[in-house]
Amino acid sequence: MHLSAYFNPAFVKLLSFRLLIVLAYQMMAIVVGWHIYELTHDALALGLIGLAEVIPYFCCALFAGYAVDHYSRRWFGLGASLLVAVNGLMLVAVAENWIVNQPLVWIYAAIGLTGIARAFIGPSYSALFALVLPREHYARAAGIGSSAFQFGLVAGPAIGGLIVAWAGKTAAYQTATGLCVLATLALLSLRVAEPPPAESAPIFTSIGEGLRFVFGNQIVLGAQSLDMFAVLFGGAVAMLPAFIHEIYHYGPEGLGILRAAPAVGAVMMGLFLARFPIDRHAGRWLLAAVAGFGVCMIGFALAHSFWLGGAFLLFSGLFDGVSVVMRTTILQLATPDAMRGRVSAINGIFIGSSNELGAFESGVAARLLGLVPSVVFGGAMTLLVVAGTAKLAPQLRQLQLRQLH
């Protein structure tokens, strides 16, 4: 990518929006996990955090993609960031005991509203990404965008954990709310020429068009399915508060460190791939990266040292960074401009919701199998998913990115 592309004002503002909103809801997520575990000391309650977010996400995602494609890329992103700010204020009210009846219900309600907001954030970002950059910059820009996203995953949990340790939950929720306001201002300042609204098609016909595109394209479907099932079974992040309490015996700052470790690795890999993008054997690299992620999850579960566990999470982030950049690049190159919102929404259902469903699966598995065996099981299932995808999606396995240019 030419140096001027890094300083494209519209691209910088879009990245700022993404970074700030990710920082905000990741801070909320880490504090909410700590808050709920303080109240319940129940791993299943942590898993229910994911379920509370994914149900409204599922209900809204396809309609959000339709709205972004047919109306405005920018205004729905603005509304979503303001909604996350409202959620932060709700959590402040619970933490300050302004709401004393059924605090868990209010916390889960705020999480549910975050799910609605996230349904619009992804499609808005994806559609705007294609408007502010020329096509030949997509691959490297995907690495930069992934690094911004993953930096938010690094800093959000770390800052959230530190603020809880030093100043309490209320201060952490207030900080996250302020970041939402800044994200709104960054997107509000973005000036981009949006195409005229698409011809208004019946909403379900339009959504069906997006679904047919995804399910009729083996490369897109294979990349999305691979990440969905890998994250569904392989993620251990939702169980980190339980690992901190029961195995490592650290405070909230330790939770922030472990929560940030995978994102540190992903940032490093995203920056590397922005400089040296993968073109040859892209499908094989994607499969190998997801397999490496599964191995790291098994290693983390069996490592009873805090720092060794953190090292496995760091390497899991390196592998996940390859996967994220490759999947993002494939989707940007393979998707027609008029369908970016819908395809991004479908991708969000595959990938974004799998984090929350994976949290629920991890909570149930931890209850049934025990904490450590449940994470080992998830890592093993990830390896089976990679083997199945390699066999069932040969076009993805043989993919060279130049095929999509």
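Let's start with helix H3, which runs over residues 43–70. Its 28 residues reach 42 Å from the first C-alpha to the last, close to the 40 Å expected at 1.5 Å a residue. H3 does have a bend, though: about 40°, at Cys60. Keep in mind as you look around that this is a predicted model.

Next comes H4, residues 73–95. With 23 residues, H4 reaches 34 Å between its end C-alpha atoms, close to the 33 Å you'd expect at 1.5 Å a residue. After H4 you'll meet Asn97, whose phi is positive, near 60°. As a bit of background, most residues other than glycine have a negative phi. Asn97 is not a glycine, yet its phi is positive at about 60°. You'll find Asn97 in the loop between H4 and H5, and at 55% relative accessibility it counts as exposed, because the cut-off for that label is over 50%.

That loop between H4 and H5 also holds Gln102. Gln102 has a positive phi too, near 50°, and is likewise a residue other than glycine. Is Gln102 buried or exposed? Its relative accessibility is 56%, so Gln102 counts as exposed.

Now step into H5, which covers residues 103–132, and look for Ser126. Ser126 has a relative accessibility of 13%, so it counts as buried; the limit for that is under 20%. Which residues does Ser126 touch, leaving aside those up to four places away in sequence? They are Gln332, Arg340 and Ser344. Gln332 falls within the range of H13, residues 306–334, while Arg340 and Ser344 fall within that of H14, residues 340–350.

Between H13 and H14 there's a loop, and Ala338 is found in it. Ala338 is partly exposed, with a relative accessible area of 49%. Pick Ala338 and Ile107 and you have two residues that are 231 residues apart in sequence and 37 Å apart in space, C-alpha to C-alpha.

Moving to H8, residues 203–215, what span should its 13 residues have at 1.5 Å a residue? The expected value is 18 Å, and the end C-alpha atoms of H8 are 18 Å apart, which agrees. Several residues of H8 are buried, among them Ser206, Ile207, Gly208 and Gly210. Phe213 and Val214 in H8 are buried as well.

On to helix pairs. Two packed helices are described by the angle between their axes and the distance between the axes. Take H10 (residues 240–248) and H11 (residues 252–275): they pack at an angle of about 125°, with their axes 9 Å apart. That angle makes H10 oblique to H11. The crossing of H10 and H11 is right-handed. On the H10 side, Leu240, Pro241, Ile244 and Tyr248 make the contacts, and they meet Gly254, Leu255, Leu258 and Arg259 in H11.

H12 (residues 282–302) and H13 (residues 306–334) are another pair, packing at about 155° with their axes 8 Å apart. How do H12 and H13 run, roughly parallel or roughly antiparallel? They are roughly antiparallel to each other, because angles over 145 degrees count that way. H12 passes H13 in a left-handed crossing. The H12 residues in this contact include Trp285, Leu286, Val290, Phe293, Met297 and Phe300. Facing them from H13 are residues including Phe312, Leu313, Phe315, Phe319, Val322, Met326 and Ile330. Smaller names turn up on the list too, including Gly292 and Gly299 in H12 and Gly309 in H13.

Finally, stay in H12 and find Ala291. Ala291 touches Leu383 and Val386, not counting residues up to four places away in sequence. Leu384 is a handy marker here: Ala291 and Leu384 are 93 residues apart in sequence and 8.8 Å apart in space, C-alpha to C-alpha.

How values were computed: Residues are numbered from 1 along each chain as its sequence is written. This is a predicted model: local features need pLDDT of at least 70, side-chain atom pairs count only at pLDDT 80 or more; totals for chains, interfaces and linings use all residues. Side-chain values use heavy atoms; hydrogens and water are left out. Helices (H or I, at least four residues) and strands (E, at least two) are DSSP runs, numbered from the N terminus. Buried means under 20% relative accessible area, exposed over 50%, partly exposed in between (1.4 Å probe, protein chains only). Contact means heavy atoms within 4.5 Å. The expected span of a helix is 1.5 Å times one less than its number of residues. The bend at a residue is the angle between axes fitted to the seven residues ending there and the seven starting there. Axes are lines fitted to C-alpha atoms, for helices over the stretch in contact, and angles run from 0 to 180 degrees between N-to-C directions. Angles under 35 degrees count as roughly parallel, over 145 as roughly antiparallel, 65 to 115 as roughly perpendicular and the rest as oblique. A crossing is left-handed if the near helix is turned anticlockwise from the far one by less than a right angle, and right-handed if clockwise.
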